[in-house]
Amino acid sequence: MQSTAFTLDIPFLRPMHPTDLPAILAVQRQCYVPEMNEDESTWRGRLAAAADFTWVAEIGGEVGAYLATYPSHLDKVTPLGGEFVVTGAADCLYVHDLAVAPAASGSGLGARLVEHALQAARRQDLAQAALVCVQDAFAFWQRCGFAERRPLAPAATAALATYPPPARYMWRSID
Ligand SMILES: CC(C)(COP(=O)(O)OP(=O)(O)OC[C@H]1O[C@@H](n2cnc3c(N)ncnc32)[C@H](O)[C@@H]1OP(=O)(O)O)[C@@H](O)C(=O)NCCC(=O)NCCS
């Protein structure tokens, strides 16, 4: 008999914790080209800055996916390896990194994590969300309601250039 909402087959979504960092780095290595891997100290700083906006999904008791976001401003692009600088009067949820391990990919988990982040943004009255789209994820983000946003100011263009091409800034409003 099933006594809990979560089983080994259903990903368990919970806040990211510093003890998750080795598993997060392992998922990152599986999901990104080497030059896009961000180091552990960068991740520690992000967790300290935005603990309420970073999550992991466990599959079979292991971290199989993660999502790192923070309240920011529309048209502010976080460079690769950049800090999460959380300031007052945020108007936009910045989705810095969504990664689903290849073994769990294609089962709807990524889209569910995005919806979870959008719900968190709604609770904070953030009216939009934005991200840098890399690798081959453009169609995925379009399906999640995001569209490319151009042109960008010089500072945002410079931050975007820290990512391997193709890198595109995308955004959507949050109802
Ligand atoms: C992109 C990523 C997060 C998607 O996660 P996922 O759990 O596989 O996605 P889902 O199963 O929720 O897919 C939702 C839909 O998007 C599609 N999709 C998923 N990844 C896609 C991709 N890379 N390109 C095009 N479409 C994609 C799926 O086919 C699915 O379509 P459907 O609803 O018609 O079946 C995941 O593939 C990943 O971690 N990639 C490596 C890291 C990365 O590039 N992250 C994005 C950084 S911007």
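**Group meeting: a walk around helix 3**

Okay, let's begin with helix 3, residues 109-123. That helix has 15 residues and spans 21 Å from its first C-alpha to its last, close to the 21 Å expected at 1.5 Å a residue. Before I go on, please keep in mind that this is a predicted model.

So which residues of helix 3 are buried? They are G110, L113, V114, A117, L118 and A121. These residues cover an arc of only 140° around the axis, so they sit on the same side of helix 3. Turn to the other side of the helix, and you find E115, Q119 and R123 exposed.

What do the buried residues of helix 3 pack against? Quite a list: strand 2 (54-59), strand 3 (62-72), strand 4 (92-100), strand 5 (128-133) and helix 4 (138-143). After the helix comes D125, and its phi is positive, near 60°.

Now for the strands. Strand 2 and strand 3 are antiparallel partners, with six bridges between them. If you want one pair to click on, take W55, whose bridge partner in strand 3 is L67. These two strands make a hairpin with two residues between them, and G60 in that turn has a positive phi of about 60°.

On to the next pairing: strand 3 also runs antiparallel to strand 4, this time over eight bridges. There, Y66 is the residue standing opposite A99 in strand 4. And is strand 3 mostly covered or mostly open? Mostly covered, with ten of its eleven residues buried.

Next, the ligand. There are 20 residues around it, and the ones that come nearest are S105, G110, A111, A139 and F140. You've met G110 already, as one of the buried residues in helix 3. Which elements each supply at least two residues of the shell? Strand 4, helix 3 and helix 4 do. By character, the shell splits into twelve nonpolar residues, six polar and two charged.

Let me move on to some backbone details, since you may stumble on them while scrolling through the model. First, positive phi values. D75 has a phi of about 80°, and it is not a glycine. You'll find D75 in the loop between strand 3 and strand 4. D75 is partly exposed, with 15 other C-beta atoms within 10 Å.

Then there is Q135, again a residue other than glycine, with a positive phi near 50°. Where is Q135? In the loop that connects strand 5 and helix 4. Q135 counts as partly exposed too, having 14 other C-beta atoms within 10 Å.

Last item: cis peptide bonds. The bond from R150 to P151 is cis, with omega near -5°. P151 belongs to the loop between strand 6 (147-148) and helix 5 (154-160). Another cis bond joins P165 and P166, where omega is about 0°. Look for P166 in the loop between helix 5 and strand 7 (168-173).

So, to pull it together: helix 3 has its buried residues packed against strands 2, 3, 4 and 5 plus helix 4, its exposed E115, Q119 and R123 are on the other side, and the helix supplies at least two residues of the ligand shell. That's it from me. Questions are welcome.

Notes. Residues are numbered from 1 along each chain as its sequence is written. This is a predicted model: local features need pLDDT of at least 70, side-chain atom pairs count only at pLDDT 80 or more; totals for chains, interfaces and linings use all residues. Helices (H or I, at least four residues) and strands (E, at least two) are DSSP runs, numbered from the N terminus. The expected span of a helix is 1.5 Å times one less than its number of residues. A residue is buried if 20 or more other C-beta atoms lie within 10 Å of its own, exposed if 12 or fewer, and partly exposed in between; C-beta atoms are placed from the backbone. The arc is that of the directions from the helix axis to the C-beta atoms. Two residues are in contact if their C-beta atoms, placed from the backbone, lie within 7 Å. A residue is near a molecule or strand if its C-beta atom, placed from the backbone, lies within 6 Å of it. Ala, Val, Leu, Ile, Met, Phe, Trp, Tyr, Cys and Pro count as nonpolar, Asp, Glu, Lys and Arg as charged, and the others, Gly among them, as polar. Two strands pair if DSSP finds at least two bridges between them.
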